[in-house]
Amino acid sequence: MKEFINRYKTGFKNQDWNKTGLLSSLAPDQEPQVIELFEKAMYYILKNEGDSKNTYILPIIRRVYVDIVTCRWSNDQNKLLLYHLINVNDLIKHFETLYKTTLPSFYGFKYIDAEAEFCHLTTRDYVGKMSEFFKNKSEEQILANLIQLSREKKLDKIL
């Protein structure tokens, strides 16, 4: 992680993200979205440089992204808008809570990969929390809400 952070500090480019392996198996139109989410998380990672839990954050963000764009609510119309639902700061807070309370209990099991199970649990828990957005909505309502959310986020970037 230290090498990764040092490379990031010295000027990371999009092709450098490809070298991390975190973008493997993503479609070319999905890569910029995941990179945007990673960039938001890098503030936290750099702020907590040297903390071992940083190694979990980017893989969890990728897993959440993949789960969202392949969920049952995803379709060709909204697939590229769904990433706007991922609030990186909220996801990191959620991760922090589970890291302190849940990860230690996984170390009590002898034959499981505690870190992998923790990442899976964190992902599923956060995606489950996000599913409230879809509750009792038609595909048209979901698409309209995602378009509105996309516009709001673009305006925030401009301002």
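Begin by selecting C119 in this predicted model, and you will find a residue that counts as buried, because its relative accessibility is 7% and buried means under 20%. Select C71 next, which is buried as well, with a relative accessible area of 15%. With both cysteines on screen, you may wonder how many disulfides a search of the whole structure finds. The search finds zero disulfides.

From the cysteines, turn to the nonpolar core. In soluble globular proteins, nonpolar side chains tend to be buried together. Here the largest nonpolar core has 48 residues, and if you select W17, L58, I61 and V64 you will be looking at those with the most contacts inside this core. To see where the core residues come from, colour α1 (2-9), α3, α4, α5, α6 (103-106), α7 (114-130) and α8, since each of these elements gives two or more residues to the core. Which element gives the largest share? That share, nine residues, comes from α4. Now centre the view on L58 and show its surroundings: leaving aside residues up to four places away in sequence, L58 touches F4, W17, L22, F38, A41, M42 and I45.

The next stop is H84, in the loop between α4 (54-69) and α5. Is H84 buried or exposed? H84 is buried, with a relative accessible area of 7%, and, again not counting residues up to four places away in sequence, H84 touches L149, S150 and K153.

Now select K40, N87, V88, N89 and I92, which, among the 13 residues that line the largest pocket, lie nearest its centre. The volume of this pocket is about 260 Å³, and the elements giving two or more residues to its lining are α3 (31-47), α5 (88-101) and α8 (139-158). The largest share of the lining, five residues, comes from α3. If you colour the lining of the largest pocket by residue type, you will see five nonpolar, two polar and six charged residues.

Finish with two loop residues, starting with S25, in the loop between α2 (14-19) and α3. S25 has a positive phi of about 70°, although S25 is not a glycine, and at 77% relative accessibility S25 counts as exposed. Then move to the loop between α7 and α8, where you can select N136. The phi of N136 is near 55°, which is again a positive value in a residue other than glycine, and N136 is exposed, with a relative accessible area of 76%.

Definitions and conventions: Residues are numbered from 1 along each chain as its sequence is written. This is a predicted model: local features need pLDDT of at least 70, side-chain atom pairs count only at pLDDT 80 or more; totals for chains, interfaces and linings use all residues. Side-chain values use heavy atoms; hydrogens and water are left out. On a 1 Å grid over the protein atoms alone, a cavity is a set of points where a 1.4 Å probe fits but cannot get out, and a pocket is an open set with protein on both sides within 12 Å along at least five of seven lines; lining residues have an atom within 4 Å of a point. Grid points are joined across faces, edges and corners, and a volume is the space filled by probe spheres set on the points. Helices (H or I, at least four residues) and strands (E, at least two) are DSSP runs, numbered from the N terminus. Ala, Val, Leu, Ile, Met, Phe, Trp, Tyr, Cys and Pro count as nonpolar, Asp, Glu, Lys and Arg as charged, and the others, Gly among them, as polar. A disulfide is a pair of cysteine sulfur atoms within 2.5 Å. Buried means under 20% relative accessible area, exposed over 50%, partly exposed in between (1.4 Å probe, protein chains only). Contact means heavy atoms within 4.5 Å. A nonpolar core is a set of buried Ala, Val, Leu, Ile, Met, Phe, Trp, Tyr and Cys residues joined through side-chain atoms within 4.5 Å.
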